[in-house]
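Subject: Structure for you, with notes on what was found

Dear colleague,

I am handing over the structure we spoke of, and I would be grateful if you could look through it with the notes below beside you. The notes go through it place by place.

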Amino acid sequence: MSAQSHVSRMTAPAITARKGGDPIVCLTAYDAPTAAILDEHCDLILVGDSVGMVVHGLTTTVGVTLDMMILHGKAVMRGSQKALVVVDLPFGSYEDSPLTAFKNASRVMMETGCQAVKIESGSYAAETISYLVERGIPVMSHVGLRPQSMNVLGGFRARGRELAVEDEIIANAIAADKAGSFAVVVEGVSQDIADKVTKAVSIPTIGIGASAGCDGQILVTPDMLGLFDRVPKFVKKFGKMRTMVKGAVEDYAKEVKARSFPGDANTYKFTKK
Ligand code: KIV
């Protein structure tokens with residue numbers, strides 16, 4: 001057997017052990033080159049079903065399929081070496097029974113090589129989470145604003161204005177923790193709720209539109225890079241990707257029209273032998 005260079009990846013238990021410690025840095029990725037850039041700085045890369053909206057142009061995540069998640073999951077695994085890679089289970093692939101969830105989650109793990117899956121966790125989810133974890137599949141849960149339920153919720157608005165909803169979000173997070181999740185994403189809730197959830201669970205909370213007091217943070221990468229004009233209130237644009245891409249394409253079009261591209265530097269000129 002030949003010696004291979006081996007970089008070990010972050011593990012789900014190592015993420016859990018960061019509860020209350022150094023903030024956990026997470027971002028989404030959907031392709032290999034982006035994953036390769038993120039890998040140096042992120043503890044966890046999520047292949048989110050947000051891919052449906054930010055890559056495929058869908059208006060919600062409801063139309064995302066297992067095959068789409070597997071295709072993007074494979075690309076992210078090829079691009080990264082160090083981060084823990086978590087792949088979202090899409091709408092319809094896990095809700096009806098623990099067995100369905102196991103069949104689909106194990107397919108995702110086997111075909112992509114990722115280390116964990118994420119599910120949006122309502123009160124129905126606890127049995128499924130423990131079923132998967134007992135069978136070797138680490139699960140990250142997702143409470144608060146659950147985009148796959150947007151048709152029931154009536155949109156992508158932040159959750160938790162009513163006390164009953166606040167109680168439900170905290171109860172869902174506690175149930176996900178007790179069932180064996182290694183971490184829980186808390187999306188689109190007030191700082192107050194996010195802080196209560198962070199105190200109430202023994203696993204790290206990963207905030208998105210939540211609170212700086214969460215154990216880690218995640219954003220949808222094209223949103224934080226500035227690819228879109230309109231982003232949710234909780235997104236900070238750390239880059240100007242839209243302006244940069246527009247400028248580059250404009251310059252390219254001008255040069256093609258003026259026949260100044262390709263210039264000498266980009267043209268093959270062979271001397272005949
Ligand atoms: O699909 C996704 O990108 C997500 C993040 C917003 C947490 O679930």
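Helices here are DSSP runs of H or I of at least four residues, strands are runs of E of at least two, and both are numbered from the N terminus. With that in mind, Asp264 has its place in the segment after helix 11. Please keep in mind throughout that this is a predicted model.

Let me stay with that end segment for a moment. Asp264 counts as exposed, because its relative accessibility is 61% and exposed means over 50%. The side chain of Asp264 is joined to that of Lys269 by a polar contact of 2.8 Å, while the C-alpha atoms of Asp264 and Leu219, which are 45 residues apart along the chain, are separated by 42 Å. Two backbone details belong to this part as well. Arg259, which is found in the segment after helix 11, has a positive phi of about 55° although it is not a glycine, and with a relative accessibility of 75% Arg259 counts as exposed. Pro262 is found in the segment after helix 11 too, and the peptide bond that joins Phe261 and Pro262 is cis, with omega about -5°.

Salt bridges

The count of salt bridges comes to 10, and a few of them may be worth viewing one by one. In one of them, Lys118 is paired with Asp88, and the closest N and O atoms are 2.8 Å apart. This pair links distant parts of the chain, since Lys118 lies in strand 4 (residues 116–120) and Asp88 in strand 3 (residues 84–88), 30 residues apart. Are these two partners buried or exposed? Lys118 is buried, with a relative accessible area of 2%, and Asp88 is buried as well, with a relative accessible area of 3%.

Another salt bridge is formed by Asp192 and Lys196, with 3.4 Å between the closest N and O atoms. Both residues lie in helix 9 (residues 191–200), where they are four residues apart, about one turn of the helix. Asp192 counts as partly exposed at 41% relative accessibility, and Lys196 counts as partly exposed at 36%.

Asp229 and Arg242 form a further salt bridge, in which the closest N and O atoms are 3.5 Å apart. Asp229 lies in the loop between helix 10 (221–224) and helix 11 (241–257), whereas Arg242 lies in helix 11, so the pair ties together parts that are 13 residues apart in sequence. Asp229 is exposed, with a relative accessible area of 57%, while Arg242 counts as partly exposed at 33% relative accessibility. Elsewhere, salt bridges that share partners join Asp67, Arg107 and Glu111 into one network.

Aromatic rings

The count of aromatic pairs comes to three. One of them is formed by Phe102 and Tyr131, which meet edge-to-face, with 6.4 Å from centre to centre and 75° between the planes. Phe102 is in helix 5 (residues 98–112) and Tyr131 in helix 6 (residues 126–134), so that this pair, too, links distant parts of the chain, 29 residues apart. Phe102 is partly exposed, with a relative accessible area of 23%, and Tyr131 counts as partly exposed at 23% relative accessibility. The ring of Tyr131 has a further partner, for the charged end of Arg135 sits over that ring, 3.5 Å from its centre.

A buried arginine and a nonpolar patch

Arg18 has its place in the loop between helix 1 (12–16) and strand 1 (24–28). Why does Arg18 count as buried? The relative accessibility of Arg18 is 19%, and buried means under 20%, so Arg18 falls within that class. The side chain of Arg18 reaches the backbone oxygen of Asp22 at 3.3 Å.

On the surface, Met53, Leu58 and Phe156 make a nonpolar patch of about 220 Å². Among these residues, Leu58 is found in the loop between helix 3 (51–54) and helix 4 (66–79), and Leu58 is partly exposed, with a relative accessible area of 31%.

With best wishes

Conventions
Residues are numbered from 1 along each chain as its sequence is written. This is a predicted model: local features need pLDDT of at least 70, side-chain atom pairs count only at pLDDT 80 or more; totals for chains, interfaces and linings use all residues. Side-chain values use heavy atoms; hydrogens and water are left out. Patches are made of residues with over 30% relative accessible area and no salt bridge: like charges are joined within 9 Å, nonpolar side chains (Val, Leu, Ile, Met, Phe, Trp, Tyr) within 5 Å. Accessible areas come from the Shrake-Rupley method with a 1.4 Å probe; for residues, only the protein chains shown count as cover. A salt bridge is a side-chain nitrogen of Lys or Arg within 4 Å of a carboxyl oxygen of Asp or Glu. Buried means under 20% relative accessible area, exposed over 50%, partly exposed in between (1.4 Å probe, protein chains only). Rings of Phe, Tyr and Trp (its six-membered ring) pair if their centres lie within 6.5 Å; planes under 30 degrees apart count as stacked, over 60 as edge-to-face and the rest as tilted. A charge sits over a ring if NZ of Lys or CZ of Arg is within 6 Å of the ring centre and within 35 degrees of the ring normal. A polar contact is a pair of N or O atoms within 3.5 Å; within protein, one must be able to donate a hydrogen and the other to accept it, and residues adjacent in sequence count only if both atoms are side-chain atoms.
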